[in-house]
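Biologist: Could you take me through how to read a few features of a fold, giving the general idea before the particular case?

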Amino acid sequence: MAAFADYEDYDALGLADLIARREVTAMEVFDAFVERLEARNPKINAVVHTMLDVARATIDAGLPAGPLAGVPWLVKDFNVLVEGAPTTNGSRLFADNIADHDSTITTRWRAAGLVIAGKTNTPEFGGAMTTEPVLFGATRNPWNLDHSAGGSSGGAGAAVAARLVPAAHATDSGGSIRIPAANNGVFGLKPSRGRYPLGPDVGEGLGGMSTGHAVTLTVRDSAALLDATHGPAPGDPYAAPPPPRPYAEEVGADPGKLRIAFTTVGGAGQAVEAENVSAVRDVAKLCESLGHHVEEAAPGYDHRPAMAAMRPLLAGNLRMLIDARLARLGRAQRADDVEAISAAWAEEGRHFTAADYAGATFLMHQLGRAYGFFFADWDLLLSPTLARPPLRLGEVDMMSGDLDGYVDQMVAELPFTIPFNMNGCPAMSLPLAWSESGLPIGIQFGAAYGREDLLLRLAAQLEQARPWIGNKPAL
């Protein structure tokens, strides 16, 4: 029997409050996490490395008086370092890569009192919209084990949906917070460019497309985590404007009458499945009923050149990452080091020119300008998070070697998430809709650069109007 049977009834702030009031101990909360980890993770394969003894020792040593003290925490196994733990990036090439220091964000989690307990599954180099790496195998969607949990933070999304933890670390370079949030029926906020620290080892990722934060059960947890972690570190190349007040104070604050545009058509003309279209129109009506002005509109800009610009950006960065690892290992690349799509994309990194990379950055910034002008007239842009409900496992084949086909598939599936990585603006996915087959459908809202406050206010209002925390998969 669990030491704390009511564990799943609380979000992260709720657990921290119980611990602070001594109604339950941090160790009892941790034991409840471990019980669920052992019972459910074999079914979904969300957690690929555990640090249970280290976590217990952390609790025994005494936790700081942070806002999330005693809450179990899982870190995505991609780029972020936890001293003494592996950072495999989902790749066989990095399988024995053990961190010798903490990332800046890891230091901030520790100061907030989070108890780091393990690493979650990710596709190789975070490069896929589904989490099915050769190294660790597929993460399964807790709502239907035949379907994908999404990528690249698929392990995080599945872990939160399965109630292993109420919140987990996630990163996002093309939708990798919002995709798993949508697929798993949880909340996912991608912050503005420069809001989340990437140091001390990295200045920016993918030319500024990459950021990080979390997937959470509740909006208030996301706000609290952002309060605990945001802000520049020494040497950061740029920083988002500081918020006028703590993000936690935006949760429950009156959003006023917002100007909300909505679209169900991808900026590059991508088709969207009928269920996702219907879900957006339903949420548009919900927003209207809450007093907001809602109208169909979208940035009048052809996204196709900018979407194509991802290719040299990703190829160049992937080539650099692989070459740096090989140099450290002191050997040449082997056929079984990386998956076929990764190998093909990295090979392109040898052939794109500096002018190609500069041109890609130029196109990405042009798209950002278009959205900047759009948000001068609108507060928020509403759309589906994804073009379809969750894919079946195996629909994305990272071992095919067909890079052109893979890129076409990615652009078709992610018409709404990728632009917000390119423009640097914040965006969120809310679990407000469900498919006829019982799978979650995410609803995305995006805002102008630096306006996470608007997103959190509306998210809290929608969470109250259509609560989702009681929705649990039957595992």
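Modeller: What follows goes through a sheet, a helix pair, a loop residue and some backbone features, and please keep in mind that this is a predicted model.

Biologist: Let us begin with the sheet, then: in what order do the three strands of the open sheet lie, and what is the pairing?

Modeller: The general idea is that strands of a sheet pair through backbone hydrogen bonds, either parallel or antiparallel. Here three strands form an open sheet in which the order is S1-S3-S2, and the pairing is mixed. Strand S1 (47-50) and strand S2 (72-76) are at the edges with a single partner strand each, so one side of each has no neighbour in the sheet. From one strand to the next, the twist averages 40 degrees.

Biologist: How many bridges join S1 to strand S3, and what lies across S1 and S3?

Modeller: S1 and strand S3 (residues 115-120) run antiparallel and are joined by three bridges, and in this part of the sheet His-49 stands opposite Lys-119 of S3. Helix H3 (residues 52-61) lies across S1 and S3, and its direction is at about 160 degrees to S3.

Biologist: Turning to helices, at what angle do H7 and H15 pack, and how far apart are their axes?

Modeller: Two packed helices are described by the angle between their axes and by the distance between those axes. For helix H7 (residues 219-229) and helix H15 (residues 452-465) the angle is about 155 degrees, and the axes are 9 Å apart. Angles over 145 degrees count as roughly antiparallel, and H7 and H15 are therefore roughly antiparallel to each other.

Biologist: Which residues of H7 and H15 meet, and how do they divide into nonpolar, polar and charged?

Modeller: From H7 come Val-219, Ala-223 and Leu-226, which meet Glu-452, Leu-456, Ala-459, Ala-460 and Glu-463 in H15. The residues of this contact divide into six nonpolar and two charged, with no polar ones.

Biologist: Now a loop residue: is Thr-130 buried or exposed, and what does its side chain make a polar contact with?

Modeller: Thr-130 is placed in the loop between S3 and strand S4 (140-141). A residue counts as buried when its relative accessible area is under 20%, and because the value for Thr-130 is 3%, this residue is buried. Its side chain makes a polar contact, at 2.8 Å, with the side chain of Glu-132. If neighbours within four places in sequence are left aside, Thr-130 is in contact with Pro-123, Ser-148, Gly-150, Gly-151, Leu-393 and Val-396.

Biologist: Gly-151 appears in that list, so to speak of the backbone: which peptide bond from Gly-151 is cis?

Modeller: The peptide bond from Gly-151 to Ser-152 is cis, with omega near 0 degrees, and Ser-152 belongs to the loop between strand S5 (144-148) and helix H5 (154-161). The bond from Gly-199 to Pro-200 is also cis, again with omega near 0 degrees, and Pro-200 sits in the loop between strand S7 (187-190) and strand S8 (211-216).

Biologist: What is phi of Arg-22 and of Arg-163, and is each of them buried or exposed?

Modeller: Arg-22, in the loop between helix H1 (12-20) and helix H2 (26-44), has phi near 60 degrees, a positive value in a residue other than glycine. Arg-163, in the loop between H5 and strand S6 (167-172), has a positive phi of about 65 degrees, although it is not a glycine. Arg-22 is exposed, with a relative accessible area of 78%, whereas Arg-163 is buried, with a relative accessible area of 4%.

Conventions
Residues are numbered from 1 along each chain as its sequence is written. This is a predicted model: local features need pLDDT of at least 70, side-chain atom pairs count only at pLDDT 80 or more; totals for chains, interfaces and linings use all residues. Side-chain values use heavy atoms; hydrogens and water are left out. Two strands pair if DSSP finds at least two bridges between them. Helices (H or I, at least four residues) and strands (E, at least two) are DSSP runs, numbered from the N terminus. Axes are lines fitted to C-alpha atoms, for helices over the stretch in contact, and angles run from 0 to 180 degrees between N-to-C directions. Contact means heavy atoms within 4.5 Å. Buried means under 20% relative accessible area, exposed over 50%, partly exposed in between (1.4 Å probe, protein chains only). A polar contact is a pair of N or O atoms within 3.5 Å; within protein, one must be able to donate a hydrogen and the other to accept it, and residues adjacent in sequence count only if both atoms are side-chain atoms. Angles under 35 degrees count as roughly parallel, over 145 as roughly antiparallel, 65 to 115 as roughly perpendicular and the rest as oblique. Ala, Val, Leu, Ile, Met, Phe, Trp, Tyr, Cys and Pro count as nonpolar, Asp, Glu, Lys and Arg as charged, and the others, Gly among them, as polar.
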